[in-house]
Amino acid sequence: MISGFIWQFDPLNEILFHYFFGVVVDLAVLYGIVLILKLHKSEYATVIHSLFLLLIAISLFRMGKWNDWFLRGSTPVLTLLSLFILHRFAGWVREHPGWYKMRVAYPIVIFLALGLVVPISHIKRALSENVITHSLFPDKVKFKPYPYDQYEDFYQLGKAIYSQQEANQFVGQKGSFYELYLAR
């Protein structure tokens, strides 16, 4: 299994580039929203700061070829942070009926809208690259579904499509991190 701190992997320059734009910038934007909405002074300040520290800790360790740990570990933390931010933003909108005319509202709305870019691109891709669009426009749409039905289990599929190492990630082997800590 691939695991370790992010600085232990190559190519380090590429990893640090993605880390900076995928983690540092995102956390700075989120914390900027926290500051604008004054959540850092709210009754939830300790929880919010703890969530940020947890995100930083999760982001420094890599587990799995595609860093499944970060994806699965950060999702619940980001969901909680988003709920705090949206709850406070809704209250802020009620407190300021003409909020959309205020200068401080533009960065908040822009930051919240920027958070939709990746999910919308995933939805767009799913709607444009699928079995139906491929059958209607075979020259324009290249789509090849995973042959799930041709293999006995996910392990065999992973081994055939990706590699032995990636297939091993998803097997509960004796003494593996999965068996010791996650499967209980």
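User: UniProt positions follow the numbering used here, feature names are shortened, and annotations may be inferred rather than shown by experiment. At which residues does UniProt place the feature "transmembrane region"?

Analyst: The structure is a predicted model, whereas this feature comes from the UniProt record, in an unreviewed entry. The record places "transmembrane region" at residues 15-37, 44-63, 69-92 and 104-123.

User: How far apart are the end C-alpha atoms of residues 15-37 and of residues 104-123?

Analyst: In the model, residues 15-37 are 96% helix and 0% strand, and their end C-alpha atoms are separated by 32 Å. Residues 104-123 are 85% helix, again with 0% strand. For this span, the distance between the end C-alpha atoms is 30 Å.

User: In which helix is the confidence of the protein chain lowest?

Analyst: Across the protein chain the mean pLDDT is 83, and 89% of the residues score at least 70. Confidence is highest in helix α2 (residues 45-60), at 94. The lowest mean, 65, belongs to helix α9 (residues 177-182).

User: Which element gives the most residues to the nonpolar patch on the surface?

Analyst: The nonpolar patch is formed by Y106, I110, L114, V117 and V118, which together have about 490 Å² of accessible area. Two elements, α4 (105-114) and α5 (117-128), each give two or more residues to the patch. V118, for instance, is located in helix α5. The most, three residues, come from α4.

User: Is R88, which forms a salt bridge with E95, buried, partly exposed or exposed?

Analyst: The R88-E95 pair is a salt bridge whose closest N and O atoms are 3.1 Å apart. Its acidic partner, E95, has a relative accessible area of 49% and is partly exposed. For R88 the relative accessible area is 22%, and because buried means under 20%, R88 counts as partly exposed.

User: The structure holds two salt bridges; which residue forms a salt bridge with E129, and is that partner buried or exposed?

Analyst: E129 counts as partly exposed, at 36% relative accessibility. In its salt bridge with R125, the closest N and O atoms lie 3.5 Å apart. The partner has a relative accessibility of 56%; since exposed means over 50%, the residue is exposed R125.

User: What distance separates the C-alpha atoms of R72 and I58?

Analyst: R72 is located in helix α3 (residues 68-95). Its relative accessible area is 58%, so R72 is exposed. R72 and I58 are 14 residues apart along the chain, and their C-alpha atoms are separated by 9.7 Å.

User: Which two residues does a cis peptide bond join?

Analyst: Most peptide bonds are trans. The exception at issue here has an omega of about -5°. It involves P11, in the loop between β1 (3-5) and α1 (12-36). The cis bond joins D10 and P11.

User: What is the value of phi of K38?

Analyst: K38 lies in the loop between α1 and α2, and K38 is exposed, with a relative accessible area of 52%. Most residues other than glycine have a negative phi. K38 is a residue other than glycine with a positive phi, near 60°.

Key
Residues are numbered from 1 along each chain as its sequence is written. This is a predicted model: local features need pLDDT of at least 70, side-chain atom pairs count only at pLDDT 80 or more; totals for chains, interfaces and linings use all residues. Side-chain values use heavy atoms; hydrogens and water are left out. Patches are made of residues with over 30% relative accessible area and no salt bridge: like charges are joined within 9 Å, nonpolar side chains (Val, Leu, Ile, Met, Phe, Trp, Tyr) within 5 Å. Accessible areas come from the Shrake-Rupley method with a 1.4 Å probe; for residues, only the protein chains shown count as cover. A salt bridge is a side-chain nitrogen of Lys or Arg within 4 Å of a carboxyl oxygen of Asp or Glu. Helices (H or I, at least four residues) and strands (E, at least two) are DSSP runs, numbered from the N terminus. Buried means under 20% relative accessible area, exposed over 50%, partly exposed in between (1.4 Å probe, protein chains only). pLDDT is the predictor's confidence in each residue, from 0 to 100.
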